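Biologist: Could you take me through the aromatic rings in this one, up close? I'd like to hear what they pair with and how far the model can be trusted around them.

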Amino acid sequence: MTAGNGGRGLTAGRRVPMYEQAAAQLEAEIRSGRLGADERLMSERALAERLNVSRITIRRALAHLASKDLVRSSVRTGWFAGPVSEGSDVLLSFSDMGRKRGFKVTSQVLHCRSREATLAEAEELGVAPGSRVCDLARIRCFDGVPIAETQAIVPDYVAPGLAGHDFGVQSLYDVLRAEYRVLPARGKFAIQAAACEPAPAKHLDLRPGDPVLIFQQTGYDQLGRAFELARTVYRADRYLFRGTLVAVSEDDPVVEPSG
C-alpha cells in the first residue's frame with residue numbers, strides 16, 4: 001500500500017539530492033499515518049517509477065529512512081514502514097483511531113480530577129509515591145455508538161493543569177501534543193479477555209458478565225518519559241485487534257508466548 005502523489009516525479013533542479021527528496025516524501029507519508037507501522041511499501045521498482053527516479057536513488061532513500069528507524073527491510077518480503085519513534089501518530093489515541101477511519105468521535109467524561117498517584121501507578125510512571133496525577137475517565141463513542149470506557153493517568157510534572165481541560169470535546173493526545181509538547185512515541189501494552197464488571201457494563205450497554213477486551217498500556221513520549229497509564233475496556237463485539245506477523249529465519253531465536 002502507498003499513498004499516491006498523482007504520478008508527479010521529484011524536481012531534479014533542486015539543490016537537495018534526489019534521494020533526500022524521495023526520502024522526505026516517503027517520510028511524510030509514514031508520519032501522516034498514510035503508511036502505517038509494519039505496512040509493506042511498494043516494490044523498489046514501483047516506487048522508482050512513481051517518483052520518476054532510478055532504483056539506485058530509491059535504495060539510497062530507503063537506506064536513509066532505515067538509519068532513522070522509519071523503515072525496515074526483509075530479504076523475503078521487501079520494505080516495511082517501521083514504528084515512528086518521535087512526533088508521529090503511529091501510537092494512536094482513541095480519537096486518532098476514529099478520525100483515521102472517518103468516524104465522528106465523541107466522549108462523555110465520567111471524571112477528570114487531580115489526585116495522588118497510588119504506589120503501583122507511581123512505580124509504573126517513574127514518579128515518587130504520592131505525586132500528583134490527572135485521572136481522566138470517559139465513555140468513548142464512534143458515530144454515537146459506545147465502543148469503550150477509558151481511563152488515563154497522566155503525571156502532573158509532564159502536563160501541569162491538565163485536569164482543567166474539557167475532555168468532553170478535546171482529545172487528550174491533541175492537548176498533550178499542542179499545549180505540553182508531549183509527543184507520544186511508543187507504548188507497551190497487554191490485552192486480556194474478561195467478563196464485564198457492572199459499572200462499565202452500564203456505560204457500554206452491556207450486561208454484567210458479557211465479554212469485553214481490556215487493553216492496558218503505558219505510553220512513552222519523545223524523551224522516553226512514561227507520560228500515561230491507560231486502561232480501556234472495549235466491547236468485544238465492537239473492537240477488532242489486528243497485527244502483523246513476520247516469519248523468522250531458521251537461525252533466528254523463537255520467542256515463546258507467555259501466559
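Modeller: Here's a walk through the ring contacts, followed by a word on confidence. Keep in mind that this is a predicted model. Searching the whole structure turns up three aromatic pairs. The one to zoom in on is Tyr-173 with Phe-227: their ring centres are 5.8 Å apart and the planes meet at 65 degrees, which is over the 60-degree mark, so the pair counts as edge-to-face. This pair ties together distant parts of the chain, since the two residues are 54 apart in sequence. Tyr-173 belongs to helix H6 (residues 172-180), while Phe-227 is in strand E8 (residues 226-235). Are these two residues buried or exposed? Tyr-173 has 3% relative accessibility, and because the cut-off for buried is under 20%, it qualifies. Phe-227 is buried too, with a relative accessible area of 0%.

Rings also take part in contacts with charges here. Arg-60 places its charged end over the ring of Tyr-19, 4.0 Å from the ring centre. Arg-72 does likewise with Phe-80, its charged end lying over the ring at 4.7 Å from the centre.

Now for confidence. The protein chain has an average pLDDT of 82, and 79% of the residues score at least 70. Two stretches stay under 50: residues 1-8 and residues 252-259. For residues 1-8 the model has 20 contacts beyond four places in sequence, whereas for residues 252-259 it has zero. Where pLDDT is low, don't read the predicted coordinates in detail.

Key: Residues numbered from 1 in each chain as written. Predicted model: local features only at pLDDT ≥ 70, side-chain atom pairs only at ≥ 80, totals over all residues. Heavy atoms only, no water. Phe/Tyr/Trp six-rings, centres within 6.5 Å; stacked < 30°, edge-to-face > 60°. Helix = DSSP H or I, 4+ residues; strand = E, 2+ residues; numbered from the N terminus. Buried < 20%, exposed > 50% of the residue type's maximum accessible area, 1.4 Å probe, protein only. Lys NZ or Arg CZ within 6 Å of the ring centre and 35° of its normal. pLDDT = per-residue confidence, 0-100. Contact = heavy atoms within 4.5 Å.
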